[in-house]
Amino acid sequence: LVSDELTSVVFDVTGIKPGCPVKNTFKLKEDKEELDVVFLLEKSSDTPTEVLTNGVLVAYPCLSLQGVITKDEKLKLTEHGTNQFKLSLPGSYEKQLSFPCKPDCDQNCEIPFVIHIGKDMCSELGVEVEQTITVLQDGASPDFETHSTVLGSGTVPFHSLPLGKPIEMTVPLGKEQSVNLYVKAEQIKRNLDVRLGFDLCQEEWQFLDKRKKIVSQTLSKALRLREDPSKDEVPVVAVLGSGGGMRALTSFYGSLLGLQQLNLLDAVIYLCGVSGSTWCLSALYQDPEWSRKDLREPISNAQDKISSSKVGAFSSERLKYYFQELSAMESQGRKVSFTDLWGLIIEYFLLQKEDPSKLSDQQEAVKEAQNPYPIYAAVNVRPNVSGDDFAEWCEFTPYEVGFRKYGAFIRTEDFDSEFFMGRLIKKHSEPRICYLLGMWGSAFAASLDDVFLKVVGSGLSFLESLGDVVKVIDDSKRFHFRDPMRLKTRLVIPGGPLLQIFQDFFKSRVTAGETFNFMQGLFLHRDYVKLNKFVAWKGTHLDAFPNQLTPMEENLYLVDGGFSINSAFPLVLQPERDVDVILSFNYSWEAPFEVLQLTQKYCKEREIPFPEIILNKEDVENPKECYMFIDAENARAPIVLHFPLVNDTFYKYKAPGKERESEEEIAFGDFAVEGKDSPYRTLNFTFEPHEFDRLVELNCYNVLNNKETIWEALNLALNRRKLKNDNNRSRRRLKE
């Protein structure tokens with residue numbers, strides 16, 4: 001039988017009043033038919049359940065059902081094939097559990113189990129005994145086939161189990177067979193392991209309290225103020241580095257060096273990255289004192305790695321190591337995708353050795369507020385939905401990982417562990433940071449064959465020596481280009497013994513970083529659409545369909561933030577962070593203003609204050625080094641300083657006001673960042689030393705050459721902060 005869905009009707013039931021029937025007639029497209037439906041909402045007679053909510057998500061009480069299943073003497077199991085118990089509880093986190101059981105009657109077959117389910121779920125605990133037999137098929141190509149038979153089944157009404165009291169029971173399975181159950185249902189009393197709220201976490205507040213003292217002193221010196229600004233008067237400055245692979249990594253070093261030379265690095269509170277910029281940040285935060293030291297040293301170390309050959313990343317020995325690492329992850333119950341493989345490859349590109357560090361280790365770099373607070377960006381997407389149409393920003397910091405859209409956060413140490421109904425169900429070890437680097441820069445994971453060919457084909461005979469053992473898997477042609485789940489999901493792998501292993505391992509895996517959804521089991525509040533964090537007013541947007549939003553999903557699909565906006569504006573524009581100045585460093589390829597235009601659209605849809613981006617034809621065709629955008633009438637909108645990646649005056653000046661004189665100096669500055677022959681194209685992962693140096697110096701120069709604009713923005717921010725504080729006090733008095 002084939003069932004085809006002809007028409008779907010979406011109807012908002014929130015307007016229905018209890019006890020008042022509502023009749024609706026829906027016109028169907030097919031055959032001009034109509035569908036009459038009567039809706040009736042009745043009040044429940046059950047005692048209301050106490051819940052926890054932040055206005056968007058709702059956490060209901062969760063039960064833990066612990067028990068032991070044993071064979072009954074009457075249960076007859078055969079020696080043929082394998083036998084197993086199956087426990088199923090619809091609505092539970094575990095859904096179904098399977099345990100092997102041997103037919104030996106003398107064996108003490110006591111099998112412990114734990115199941116988690118909502119307290120108010122009206123489900124039945126199903127018990128089955130199943131036998132599986134493997135047989136050899138006849139034919140020209142003999143193959144094995146498995147046959148499963150249910151030997152017996154029974155059920156136990158879950159709601160009949162008393163809370164907190166262990167009980168023993170015999171569950172009939174039919175045919176005079178049964179199993180014995182010892183079970184105890186208990187409500188989980190501990191606090192939620194998922195933080196529900198939109199405010200900053202306690203550690204970030206503590207950081208801000210300490211950091212603002214440092215920022216106050218820094219601004220007082222840099223701007224030559226008469227006195228240090230008070231904590232409330234200190235403007236919150238965020239620095240954003242866009243995506244762009246090694247081009248972004250290298251450029252971000254230069255931009256930060258420029259801020260350091262202006263003695264303004266200590267004026268920065270937040271430091272945010274997307275894709276390639278996260279690779280720069282993760283390297284810097286290995287050193288807890290990095291911003292207090294001369295950046296020339298880590299820049300020199302980065303040059304050594306970026307200028308070195310990357311061929312070793314694809315050697316057979318290295319590929320074997322990748323496979324062993326990923327297989328070990330999967331055996332521990334983790335979800336493995338292409339981005340994990342890419343994480344191991346980028347680890348070699350950046351370090352050429354194994355890096356044991358984790359994101360939570362970076363707490364050491366901010367516990368005394370000695371460095372800016374790092375925020376790494378990813379977006380959660382949905383299979384077969386374009387990243388342009390639906391992308392939820394997920395922030396990663398040393399203390400928390402979470403979605404400000406939903407007001408849901410977990411400890412960074414618990415990322416990639418299993419959660420249900422706000423509780424930590426199964427703890428996994430925190431992933432090494434290389435796997436996060438692969439996720440944050442996962443645009444490249446979708447083009448591994450291009451990366452491979454670029455790396456090993458750079459003037460070497462490596463490809464020729466491989467001959468026909470280089471093979472490409474390509475399933476991209478039938479998918480839309482902007483679908484981040486399916487963007488050129490290809491992989492180049494060596495042939496021989498490893499070929500089939502890798503093909504089997506990565507068969508039909510998506511390019512997103514698939515991980516456990518820590519919001520699973522939480523429900524959406526009936527009034528969630530009233531928050532401007534959701535674009536529910538667009539009737540076709542996924543936000544308008546609560547049953548299709550992320551809390552209803554088992555997995556998160558986290559990808560490169562560049563699939564949405566190639567800079568982390570959404571993570572610093574949240575009102576909780578109250579940012580006054582944004583220094584936007586754009587390293588995108590041939591798109592100097594796209595991040596601003598996309599951010600303006602994002603803010604308009606969510607009613608977030610943001611200055612209007614007005615550009616003329618000359619700006620688009622010949623971008624300048626720095627632009628300042630400001631909303632003079634709204635102090636809540638941040639001042640945005642935007643730095644496109646351009647060689648505008650650097651080719652002429654070796655430093656602000658100092659012209660190039662020697663042939664060597666002129667040659668060093670005479671280069672185009674973009675163009676078909678540019679060494680800085682996004683898929684190029686190796687720069688010559690002079691190519692690396694000139695890109696660093698260009699970005700450093702562009703900051704130094706616009707110091708007056710930066711100082712002007714900071715002075716304006718000081719004044720606007722006072723105005724903003726006055727407005728906030730006025731609003732509080734009105735509420736009182």
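This is a short talk on the cores, strands, salt bridges and a few surface features of the structure shown above.

Thank you all for coming. Please keep in mind throughout that what we have here is a predicted model, and that residues are numbered from 1 along the chain as its sequence is written.

Let me begin with the interior. The largest nonpolar core has 155 residues, and those with the most contacts inside it are Leu256, Tyr270 and Phe396. If we take Tyr270 and leave aside its neighbours within four places in sequence, its contacts include Leu200, Leu208, Val236, Val237, Ala238 and Val239, and from later in the numbering Pro372, Tyr373, Ile375 and Val579. Two charged residues, Glu204 and Arg577, are also in contact with Tyr270, and I would ask you to remember both of them, since they will return when we come to the salt bridges. Apart from this core lies another, of 27 residues, and among its members are Leu63, Leu97, Cys109 and Leu151.

From there I would like to move to strand E5, which covers residues 62–71 and is mostly covered, with 8 of its 10 residues buried. Which strands does E5 pair with? One partner is strand E8, residues 111–118, where the pairing is antiparallel and runs over 8 bridges, and within it Cys62 stands opposite Gly118. Another partner is strand E12, residues 177–187, which is joined to E5 by 9 bridges and also runs antiparallel; there, the bridge partner of Leu65 is Ala185. As general background, strands of a sheet pair through backbone hydrogen bonds, either parallel or antiparallel.

There is also an open sheet of 3 strands, in the order E3-E4-E25, with antiparallel pairing. Its edge strands are E3, residues 52–53, and E25, each of which pairs on one side only. Between E3 and strand E4, residues 57–59, the pairing is made by 2 bridges, with Thr53 standing opposite Val58. Strand E25 consists of residues 523–524, and Phe523 lies in it. This brings us to the surface, where Phe523, together with Val51, Tyr60 and Met552, makes a nonpolar patch of about 310 Å². Phe523 has a relative accessible area of 39%, and it therefore counts as partly exposed, a class that lies between 20% and 50%.

Now to the charged pairs, of which the count comes to 33 salt bridges. I will go through three of them. In the first example, the side chains of Lys86 and Glu130 meet with 3.2 Å from N to O; Lys86 is in strand E6, residues 82–88, and Glu130 is in strand E9, residues 124–136, so that the pair links parts of the chain 44 residues apart. Both Lys86 and Glu130 are buried.

The next example joins Glu400 to Arg195, the closest N and O atoms being 2.7 Å apart. Glu400 is in strand E18, residues 400–403, and Arg195 is in strand E13, residues 195–196, a separation of 205 residues along the chain. Are these two residues buried or exposed? Glu400, at 10% relative accessibility, counts as buried, whereas Arg195, at 24%, counts as partly exposed.

The last example is the pair Arg577 and Glu395, whose side chains meet at 2.8 Å, N to O. Arg577 is in the loop between H11 and E27, Glu395 is in strand E17, residues 392–396, and the two are 182 residues apart. Arg577 counts as buried because its relative accessibility is 2%, which is under the 20% cut-off, and Glu395, at 3%, is buried as well. Here the two residues I asked you to remember come back, for Glu204, Glu395, Arg404 and Arg577 are linked in a network of salt bridges.

I will finish with two backbone details. Asp578 is not a glycine, and yet it has a positive phi of about 50 degrees; its place is in the loop between helix H11, 569–572, and strand E27, 581–585, and at a relative accessible area of 26% it is partly exposed. Glu590, again not a glycine, has a positive phi of about 50 degrees too, and it sits in the loop between E27 and helix H12, 594–606. At 49% relative accessibility, Glu590 counts as partly exposed.

That is where I will stop, and I am glad to take your questions.

How values were computed. This is a predicted model: local features need pLDDT of at least 70, side-chain atom pairs count only at pLDDT 80 or more; totals for chains, interfaces and linings use all residues. Side-chain values use heavy atoms; hydrogens and water are left out. A nonpolar core is a set of buried Ala, Val, Leu, Ile, Met, Phe, Trp, Tyr and Cys residues joined through side-chain atoms within 4.5 Å. Buried means under 20% relative accessible area, exposed over 50%, partly exposed in between (1.4 Å probe, protein chains only). Contact means heavy atoms within 4.5 Å. Patches are made of residues with over 30% relative accessible area and no salt bridge: like charges are joined within 9 Å, nonpolar side chains (Val, Leu, Ile, Met, Phe, Trp, Tyr) within 5 Å. Accessible areas come from the Shrake-Rupley method with a 1.4 Å probe; for residues, only the protein chains shown count as cover. A salt bridge is a side-chain nitrogen of Lys or Arg within 4 Å of a carboxyl oxygen of Asp or Glu. Helices (H or I, at least four residues) and strands (E, at least two) are DSSP runs, numbered from the N terminus. Two strands pair if DSSP finds at least two bridges between them.
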